[in-house]
Amino acid sequence: MTPVKTTKMSNFRWVICALLFLATTVNYMDRQVLSLTWKDFIAPEFHWTDDDYGTITGWFSIFYAVANLFAGKFIDWMGTKKGYLIAIFVWSTGAVLHAGCGWAAMNIEGYDSIEALRMVQAGSDAAVAIATISVYLFLSCRMVLALGEAGNFPAAIKVTAEYFPKKDRAFSTSIFNSGASVGALAAPATIPLLARAWGWEMAFIIIGVLGYVWMGLWLWLYDKPHKSKYVNQAELNYIEQDNDIAEVQNKQEAKEEKTISFWKCFTFKQTWSFIVGKLMTDGVWWFFLFWAPAYFSDQYGYTSDSTMGILLILTLYAIVTVLSIGGGYLPKYFVENRGMNPYLGRMRAMLIFAFFPLLGLFAQPLGAYSAWWPAILIGLLGAGHQAWSANLFSTIGDMFPKSTIGTITGIGSMAGGLGSFAINKGSGKFFTWAAEQGDAFQFMGFEGKPAAYMIVFCICAVAYLIGWCIMKALVPKYKPVIAD
């Protein structure tokens, strides 16, 4: 009797998952270059104030939020191979273009060198002109960066659906999504050192070029599973194991669910609950993302390229990365062990996570003893935000039909972008004004800019509890939306 030959299954899907992880890591690092270089490297050249930086970060949040509304449809239209290539090409090009802002400002203002820009008297009309034109130049580059970066997650999620059966998608998504955390840790460990060694321009160029390298790998390795020469029949069968079931389910869902129109969504309290949750809290995360390096430089003198400055930021994001993982387990406990429905379990978990940011109230006072206290407490605040955010997104699926989840997500992202714009732009103006006032402006024992930081930290600390209370008032108990 001849033995039956079996073909060992290839595992190329994990190579694709590794590519998604790498793209997400690069995505996050490109976004972080400016926040890690502006205070100590860029601002002295262009005479930026905190208000100028707040303008750039605030409008970037708006650009990114608006781009998110259309990114998913663009990826669906272009397909994953072309769509992902275009997205990463656009954001990598935007990242690299930042390096030319100094040269462009120099020529537009008629100076012979970058050093001549730096030597202009601070506060003079010439310094204001340099700051203004450079802000517009950086804003243009940030717009390009935001436009491309918005395509990363829709493309990655779509590729995951192509290469993994349903039972493996949550795990594969968690792997590529961890690239954001790895990027957050890698950025402060590399970008300030690159800026110190070769100039801030090279930091933008080197990190931006990583995207072009990724494009080469994508062109070489990616194709649809059934077309890929690296996927054998055994792996293809594994990938497509639930296609028939999914097809039946999709047909059934199409019959049972109707699409809710965009404007109709605003008539539901559930929509406004999600809007409030994003509006109140997204800006807190973006504030600390964009301002933490400047805070440690301003308040403690630890520049972003100093050993201490790097260690402080690394510690902050390490805490966020490790502790935020538990965000998905608490609601599961409430549902499985306490018998709550998913929505109520999630809201209970979100209430607990909403108390974490209150630790931010102690960051500035304890910072008088050591800079490590703000790093640790802001890290705990950030971990609370990430856990809150993961559950906030899940409330959409609890309350809305699948046909409307994308629309509600886009609406909420826009609200989050508006909140981020408000806190980043507002903080920039506030910090500049407070620094000018000096000891004439006081709050809770702090003077000048430290007093302004204390006030913003207080706002960030209570935003989650206020947001949760409004959400609970709008939707006091589980009430799913039914399309007419």
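The following exchange concerns how three helix pairs and one long-span helix are described in a predicted model.

Modeller: This is a predicted model, in which local features need pLDDT of at least 70, side-chain atom pairs count only at pLDDT 80 or more, and totals for chains, interfaces and linings use all residues. Residues are numbered from 1 along each chain as its sequence is written, and side-chain values use heavy atoms, with hydrogens and water left out.

Biologist: What makes H15 roughly antiparallel to H19?

Modeller: Helix H15 (residues 342-355) and helix H19 (residues 448-474), both DSSP runs of H or I with at least four residues, pack at an angle of about 155°, with their axes 8 Å apart. Angles run from 0 to 180 degrees between N-to-C directions, and the axes are lines fitted to C-alpha atoms over the stretch in contact. Angles over 145 degrees count as roughly antiparallel, under 35 as roughly parallel, 65 to 115 as roughly perpendicular and the rest as oblique, so H15 is roughly antiparallel to H19.

Biologist: Which residues of H15 and H19 make the contact, and what are they by class?

Modeller: With contact meaning heavy atoms within 4.5 Å, H15 contributes Leu344, Met347, Met350, Leu351, Ala354 and Phe355, while H19 contributes Tyr464, Leu465, Trp468, Met471 and Lys472. By class, the contact of H15 with H19 has 10 nonpolar, no polar and 1 charged residues, where Ala, Val, Leu, Ile, Met, Phe, Trp, Tyr, Cys and Pro count as nonpolar, Asp, Glu, Lys and Arg as charged, and the others, Gly among them, as polar.

Biologist: Why is H13 called roughly parallel to H17?

Modeller: Helix H13 (residues 307-323) and helix H17 (residues 372-399) pack at an angle of about 30°, with their axes 7 Å apart, and that angle therefore makes H13 roughly parallel to H17. Their contact has 13 nonpolar, 4 polar and no charged residues.

Biologist: How do you know that the span of H2 is close to the expected one?

Modeller: The expected span is 1.5 Å times one less than the number of residues; for the 29 residues of H2 (residues 50-78) this is 42 Å, and the helix reaches 40 Å from its first C-alpha to its last. H2 also bends by about 40° at Leu69, the bend being the angle between axes fitted to the seven residues ending there and the seven starting there.

Biologist: What makes H2 roughly antiparallel to H12?

Modeller: H2 and helix H12 (residues 269-300) pack at an angle of about 160°, with their axes 10 Å apart, and so H2 is roughly antiparallel to H12.

How values were computed
Helix = DSSP H or I, 4+ residues; strand = E, 2+ residues; numbered from the N terminus.
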